[in-house]
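Trainee: I should be grateful for a close look at a single helix and its surroundings. Could you guide me through one part in detail?

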Amino acid sequence: MKRHLFMLGLLFAVPAFAGSTTPQDASQGARRPPPFERKSPVQVLIDHRQDLALTDAQASSLEKIQAALDVKNAPVKQSLEALRPSAPPDRNPQGTPSAQDRGRHEQARGLFEQLRANDMAAYQEAEQVLTDAQKAQARTLLEAERRAHGPGHGGRGGPPRGE
């Protein structure tokens, strides 16, 4: 019986805790940063310019690729930002998302796929600028970056598979 009361208490405490904001957050309208603000693979290469021993010409090429990617992704990111709810999604009594929330989720999924495809195309273009040794080192850097920041778009958190 105590266990059931404890679980019931947790059930009511978690939503109340999750919905609470600090006075500072409420006054400044602070929101979590959107999940699509993660660095692109090309930006990671630029940030590790010294580690990769990039020449000035290589760095310049990568910066141009990144600038083109930023221009290409800007409208997609604006669309994603417009889809972000200002409050947690409404749930019906059964705890399932509303039709509007499901539609917004599907729309966002397509936009995230577009961002991922744009990032991959830009990275493939960036790899053409690198030497074979730099490519191997770049892949190692990107894998370390991925592990350090958790799952990609749409991830649910938690440890990587196999751990």
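**Helix α6 and its salt bridges**

Mentor: Let us begin with one residue, Arg116, which counts as partly exposed at a relative accessibility of 31%. Please keep in mind that the model is predicted. The partner of Arg116 is Glu113, and the closest N and O atoms of this salt bridge lie 2.4 Å apart. Glu113 is likewise partly exposed, with 43% relative accessibility. Both residues belong to helix α6, where 3 residues, or about one turn of the helix, separate them.

Another pair in this helix is Arg109 and Glu106, a salt bridge with 3.7 Å between the closest N and O atoms. Here too the spacing is 3 residues, so Arg109 and Glu106 stand about one helical turn apart in α6, which covers residues 99-127. Arg109 is partly exposed at 44% relative accessible area, and Glu106 is partly exposed at 46%. As a general principle, side chains of opposite charge can pair when their charged atoms come close.

Now consider the helix as a whole. It contains 29 residues, and α6 spans 42 Å from its first C-alpha to its last, close to the 42 Å expected at 1.5 Å a residue. Other positions of α6 are buried, among them Ala108, Leu111, Phe112, Leu115, Ala122 and Tyr123. The buried set also includes Asp101, Asn118, Asp119 and Glu127. What covers these buried residues includes α3 (41-47), α5 (56-83) and α7 (132-149).

Of these neighbours, α5 deserves a closer look. The axes of α5 and α6 come within 10 Å and cross at roughly 180°. An angle over 145 degrees counts as roughly antiparallel, so α5 is roughly antiparallel to α6. On the side of α5, the contact involves residues including Leu62, Ile65, Leu69, Val76, Leu80 and Leu83. On the side of α6, the residues in contact include Ala108, Leu111, Phe112, Leu115 and Ala122. By class, the contact between α5 and α6 comprises 12 nonpolar, 5 polar and 5 charged residues. Lys72 and Lys77 of α5 take part in it, as do Arg104 and Asp119 of α6.

Finally, let us return to salt bridges, this time across the whole structure, where a search finds 9. One of them joins the side chains of Glu81 and Arg84, with 3.4 Å from N to O. Glu81 is partly exposed, having a relative accessible area of 31%.

Note on methods. Residues are numbered from 1 along each chain as its sequence is written. This is a predicted model: local features need pLDDT of at least 70, side-chain atom pairs count only at pLDDT 80 or more; totals for chains, interfaces and linings use all residues. Side-chain values use heavy atoms; hydrogens and water are left out. A salt bridge is a side-chain nitrogen of Lys or Arg within 4 Å of a carboxyl oxygen of Asp or Glu. Buried means under 20% relative accessible area, exposed over 50%, partly exposed in between (1.4 Å probe, protein chains only). Helices (H or I, at least four residues) and strands (E, at least two) are DSSP runs, numbered from the N terminus. The expected span of a helix is 1.5 Å times one less than its number of residues. Contact means heavy atoms within 4.5 Å. Axes are lines fitted to C-alpha atoms, for helices over the stretch in contact, and angles run from 0 to 180 degrees between N-to-C directions. Angles under 35 degrees count as roughly parallel, over 145 as roughly antiparallel, 65 to 115 as roughly perpendicular and the rest as oblique. Ala, Val, Leu, Ile, Met, Phe, Trp, Tyr, Cys and Pro count as nonpolar, Asp, Glu, Lys and Arg as charged, and the others, Gly among them, as polar.
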